[in-house]
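This note is addressed to a colleague who is meeting the structure for the first time. Its numbered points take up selected salt bridges, one helix pair and one sheet.

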Amino acid sequence: MLNENICVALYNVFPVLQDKLTVVHVTDEQISQLSMQLERLGNLPIIYETIFFKIDRMMRSETVPNFWRHFQGETDSAPKDQPLKNQHFFRFQRAVSELYQDFGRYYLQLKRLQKVKQGVPLPVDVARKPSDLSEFNRMFRCALLAQLPTDFNDLVYEFYSIAFKVFALTHADGDDSMEVPDSFQCTACGLESTNCQCQSLANAFTSTNQQLATLGLLDKIAGFTLTALIQERIDAKIGETKENFSVSHMESLERWLNTVVLQWLTRIYNRGSLSIGTGNGKIEEAIRNFQTKLSFYLYENYANTIIEQFFGIIIDFPMSQAAIDDLKICMEKIDLKSHLVKTMKCTLNNKLLHPGVDTPDILTGYVAAIKALRYLDPTGVLLQTITEPVKEYLRNRPDTVRCVVTGLTEEGSSDLSDELARSEYARAKASSNEKLELTDWENWNPDPVNADLAVAKDPRSGKPSDIISMVVDIYGSKELFVNEYRNLLAERLLSQLDCNTEKEMRNLELLKIRFGDTLLHSCEVMLKDINDSKRINSHILSEESELDGDKPFDMSALVVSSQFWPTFKKETMELPPAIKAMFDQYTKAFESFKDNRTLHWTPLNGRVVIDLEVDGKTTEMLVTPAQATIAIHFSEQNEWELDKLGQKMNMPPSILRKRLVFWQAQGLIREATENYFVLNDRNKPEAAEELQVQPPEMCEDDDTECAMESASDQREEELQVFWSYIEAMLTNLDSLPLERIHQMLKMFASQVEFTQEELKKILQRKVREHKLVYTGGVYQLPKA
């Protein structure tokens, strides 16, 4: 039993034994006397265990519940001089302050306990390991965190969110610095300037973090919340850069991270100071780890934001070059190439590769993607991988070749025409660049290991091909594009009465640089034919010629060299006698002018200027020869059956009906009964109302028919020469697969270049015509 004096001394030194925390002052001499008395009585182990028991029970029953009681519902404990706007902030600060005071009282009693048991050995099963203070800290954290409310993280988030806003707006530079608007309201704390609490909030925040650090609870209570809050602020900062591609944001984001976020974290972990002492290696390491982790998060999320908008960046390039520069920096830190490829393929498929988008628009997007992706990745690996679906889709569109050729040669500015115009300058500059590259060998880097061998490169320089080469590479054949250009040039020369041959010659010279002289020799002859035709017309229609008589009408002819021009459509028409006679006279004059040469007319090609007289009013119209011939026949006879008019014009009725639609639309003729057409009676009011003559420029067919066969049709005709070889092979070998037929044709009939896909189309056509049978993956001739 302890006497009364010892009990009084124990209660004074350790008030926790009486379930109290009010600590009274005691001297070291009193503690020393108490230690000697307890050692003499042998009661120190019991007192030691009792003190720890009492501390644990008191923490769980009083200290911890009192702390959590601050966060249960709304309290009116806030001082009256503190506005309600930030009351949750100060409530958290007061709760931590009270907890810190109780912690200090427990801590003081444990320090006294250490003095009491100093020099007195305790049993192994009684002494706390590794130390009394470590065991107390463990007990303290367990007791506190075991009663954690479900919404406590929200309170902690609000506390640090307010503190971050105050710090960011009062310590940042530039646009993020705090400004006082016209309402005199503080941007940081949200109160009027006269009641600004920024300094109070900053002081309370610093003291609270110091107390949490002392309690060993800073990471336990605030660690997760700090990470979530900072990541949210980084996301918000990155969100401010959206749709602003013309300016680089990388430097400003890094500066904001280092000057605002990391300085704020330094103040939290360094007890309110920005300068870390030489002995605080753990704090330096913690801040360094935070910087690495947050920088990684910044680069990754900023790069993902750019990738999400990369389609718009591609369309705006080169105005959006700054955004691609930022993405380059991020991709040097983090490997996001697979994510970029997957995202861009999906975006291009959704925005471009569907029937709702016109082929010229797809080509525009494809060219823009080439420019942007080549700037992002000069090796061409990303470009080849991302744009492969676009090339595959364009390859299956029937009008791709024509749109490419039109883009190369159309008037005005376009991506392809501008690139073609730069070709001459680029070729001249290439030779000088090769010399410079020899002196810059130290900065040379090999292609990445994942570079695809299919990446198109210039065989001379080893560099990725230019834009036009990549567009032409959609089909892998220059001949197809040259043939389509020849068709387009022929249509342009035939449709324009006053064609600008100088401009066409300039385009031709630029295309020669790209495709070579040999492939474009026919086009050069076509332009020469235009100039020669003007000279021939001048001679034949001159006063000294045989046509210098009473000509029923004026005419001029375009004389072309048939072996160099595209194949004309195999359609014909019987001309009216007067026109045919004029053509015959012109042919004789030409034969006398050009010995051993004659003319073969294509009556459906050309333009005719006619005078149409309606109710005494004459209107000049520009029409096709077929339309003019129909008008002449109806001027001679008011009524025609479709079959008889077809026989008269030597034209199939189905085609003639399409030609008649033009004059029906003009209101000049109408179909009285089925296949029976009559000229409208001008004296009838209802017929006069139908007669509405359009101006000359509107009198062409809505669906203008091309005089030339398409490039695909001409190509198919060229490949028909293989049919006799195929028949002979299948006669001798009975049946063959597609691959074998292709190999044998390339070996024995190599006069025309062709692909296996082109051969497959020919064979399938023969199957549809019942000239071949396809079964079991092989082709064979049908049995007789």
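1. Two residues of helix α4, R105 and D102, are a suitable place to begin: they lie three residues apart, about one turn of the helix. Please note that the model is a predicted one. The side chains of R105 and D102 meet in a salt bridge, with a distance of 2.8 Å from N to O.

2. Are the two partners buried or exposed? R105 has 30% relative accessibility and therefore counts as partly exposed. D102 has a relative accessible area of 14%, and because the limit for a buried residue is under 20%, D102 is buried.

3. Helix α4 spans residues 87-116 and packs against helix α3, residues 44-69. Their axes are 11 Å apart and form an angle of about 180°. Because angles over 145 degrees count as roughly antiparallel, α3 and α4 are described as roughly antiparallel to each other.

4. Which residues make this contact? On the α3 side they are L44, Y48, I51, F52, I55, M58, M59, T63 and F67. On the α4 side they are A95, V96, L99, D102, Y106, L110, L113 and V116. The contact residues divide into 15 nonpolar, one polar and one charged. D102, the salt-bridge partner of R105, is thus also listed in the contact of α4 with α3.

5. A second salt bridge with its partners three residues apart is found in helix α21, residues 521-540, where R535 and D532 are separated by about one turn of the helix. The closest N and O atoms of R535 and D532 are 3.6 Å apart. R535, at 44% relative accessibility, counts as partly exposed. Elsewhere, R765, K766, E769 and K771 are joined into one network by salt bridges that share partners.

6. E232 forms a salt bridge with R233, and their closest N and O atoms are 3.0 Å apart. E232 is partly exposed, with a relative accessible area of 37%. For the model, the count comes to 22 salt bridges.

7. The last point concerns an open sheet of three strands, whose order is β6-β8-β7 and whose pairing is antiparallel. The edge strands, each pairing on one side only, are β6 (735-736) and β7 (773-775). Three bridges join β7 to β8, residues 778-780, and these two strands run antiparallel. The bridge partner of Y774 is Y779, in β8.

Conventions. Residues are numbered from 1 along each chain as its sequence is written. This is a predicted model: local features need pLDDT of at least 70, side-chain atom pairs count only at pLDDT 80 or more; totals for chains, interfaces and linings use all residues. Side-chain values use heavy atoms; hydrogens and water are left out. Axes are lines fitted to C-alpha atoms, for helices over the stretch in contact, and angles run from 0 to 180 degrees between N-to-C directions. Helices (H or I, at least four residues) and strands (E, at least two) are DSSP runs, numbered from the N terminus. Angles under 35 degrees count as roughly parallel, over 145 as roughly antiparallel, 65 to 115 as roughly perpendicular and the rest as oblique. Contact means heavy atoms within 4.5 Å. Ala, Val, Leu, Ile, Met, Phe, Trp, Tyr, Cys and Pro count as nonpolar, Asp, Glu, Lys and Arg as charged, and the others, Gly among them, as polar. Two strands pair if DSSP finds at least two bridges between them. A salt bridge is a side-chain nitrogen of Lys or Arg within 4 Å of a carboxyl oxygen of Asp or Glu. Buried means under 20% relative accessible area, exposed over 50%, partly exposed in between (1.4 Å probe, protein chains only).
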